[in-house]
Amino acid sequence: MKRLVVLGSGTAGTTVVNKLRPRLAPEDWEIVVVDGASEHHYQPGYLFVPFGRYDPADIVKPIQKFLPKDVAFRQVAVELIDPGRNVVVLEGGEELVYDYLVIATGATARPDQTPGMLGEEWRKSVFDFYTLDGATALAERLENWEGGRLVVHITEMPIKCPVAPLEFVLLADSFFKERGMRDRVELVYVTPLEGAFTKPVAAGRLGAMLDDRQITMESDFYIERVDNEKKTLVSYDEREIPFDLLVTVPVNMGAEFIARSGMGNELNYVPVDKETFVSSQWPNVFAIGDAADLPTSKAGSVAHFAIDVFTENFMELARGEEMTHRFDGHTNCFVESGDGKAMLIDFNYEVQPLPGKYPYPVVGPMSLLEETSINHLGRKLPVPTLMSMAGKDTNMDTEVKV
């Protein structure tokens, strides 16, 4: 019997085992999931907790609720991986041998990586919303906040769900308008990017949305430290941005055991082939979802599309065949913008987000790079694993390239 070990039970890990278990005969394949946690968090829900739209109970469920019955679950932390011996060393020293390994341990917010971020103002005037504890504490703070200068800040890229900070500042604008106090709040969006997004057409559209809402953007800001006494962000070029309330996205990093195992880059993400997710060093090791060092968004949609490709490749591998499927970096993401509207973006490794209709040309019903109520309400529509150019305005992409 062969053994597939999956490290992590977030979106990527649970999707992998749910896709593979029905296709790998239990008498031939043992599947083991390893995670130190007992709960599965629906992380996109963190965004809505500070505004009172979700309670923690809405987004936290037992991990085993999402695992097939023929998948073994080990609730234990990982100490390190020894890929030379095909072994995962668990906390306490137990060794778990594998034939194939999937690393799906995601990314974690690390405020400890920025001087002063975990200072005396932490959870007083400095908050994050990329953790459930942070989002819950921020909800309590916003409930009684009387206004002032609210700064939404990204420390550095890559981060989970790159549009989430933009969504936060747009939802904050809507939240304060609903409370009749928008005139008492100055909103500032601080990013290390040149604009509001990584791709030019989307950056222009999203930047215009900030302008329309009178949200100030500070770009090319590389933070050096948080000054708790002065309540300012200080950049390496000595710019200072004062705040009354700071909502920051700390450095995002992969699991610490990746570093201990010597398998990651400087942020503990695992280098892999961007089309097949095979480790750059070990042919029986894969990294998928946020744990992988891929040149695309760390987002749930990417994990789902990637795992569709991975599943077909793994089945070929299990049959002793060559892997023939290739992932194109497809990303599909709704950008909640408040006031009952949302924007939709769809892109991949080669093609940036473009305007148009989705998923069908002309009729849509979704609109790309446009705020609409239909985008906010959503529809159950066929979304292909690999990105389609149907309905996209390719002239816009040509204009940008020129």
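How many nonpolar, polar and charged residues are in the lining of the second largest pocket? The close-up views below begin with that pocket. This is a predicted model, in which local features need pLDDT of at least 70 and side-chain atom pairs count only at pLDDT 80 or more, while totals for chains, interfaces and linings use all residues. Residues are numbered from 1 along each chain as its sequence is written, and side-chain values use heavy atoms, with hydrogens and water left out.

**View 1. The second largest pocket and its lining.** The second largest pocket has a volume of about 350 Å³, a volume being the space filled by probe spheres set on grid points that are joined across faces, edges and corners. Its lining comprises 21 residues, of which Pro158, Leu294, Pro295, Thr296 and Ser297 are the closest to its centre. On a 1 Å grid over the protein atoms alone, a pocket is an open set of points where a 1.4 Å probe fits, with protein on both sides within 12 Å along at least five of seven lines, and lining residues have an atom within 4 Å of a point. By class, the lining has 12 nonpolar, 5 polar and 4 charged residues (Ala, Val, Leu, Ile, Met, Phe, Trp, Tyr, Cys and Pro count as nonpolar, Asp, Glu, Lys and Arg as charged, and the others, Gly among them, as polar).

**View 2. The cis peptide bond before Pro158.** The bond from Met157 to Pro158 is cis, with omega near 5°, and Pro158 lies in the loop between strand S12 (148-154) and H4; helices (H or I, at least four residues) and strands (E, at least two) are DSSP runs, numbered from the N terminus.

**View 3. Helix H4 against helix H5.** Helix H4 (residues 164-178) and helix H5 (residues 200-212) pack at an angle of about 25°, with their axes 11 Å apart, where axes are lines fitted to C-alpha atoms over the stretch in contact and angles run from 0 to 180 degrees between N-to-C directions. H4 and H5 are therefore roughly parallel to each other (angles under 35 degrees count as roughly parallel, over 145 as roughly antiparallel, 65 to 115 as roughly perpendicular and the rest as oblique). Leu166, Val169 and Leu170 in H4 meet Leu206, Met209 and Leu210 in H5, contact meaning heavy atoms within 4.5 Å. The residues of this contact divide into 6 nonpolar, no polar and no charged.

**View 4. Helix H1 against helix H7.** Helix H1 (residues 11-20) packs with helix H7 (residues 300-318) at an angle of about 40°, and their axes are 10 Å apart. H1 and H7 are therefore oblique to each other. By class, their contact has 8 nonpolar, 4 polar and 2 charged residues.
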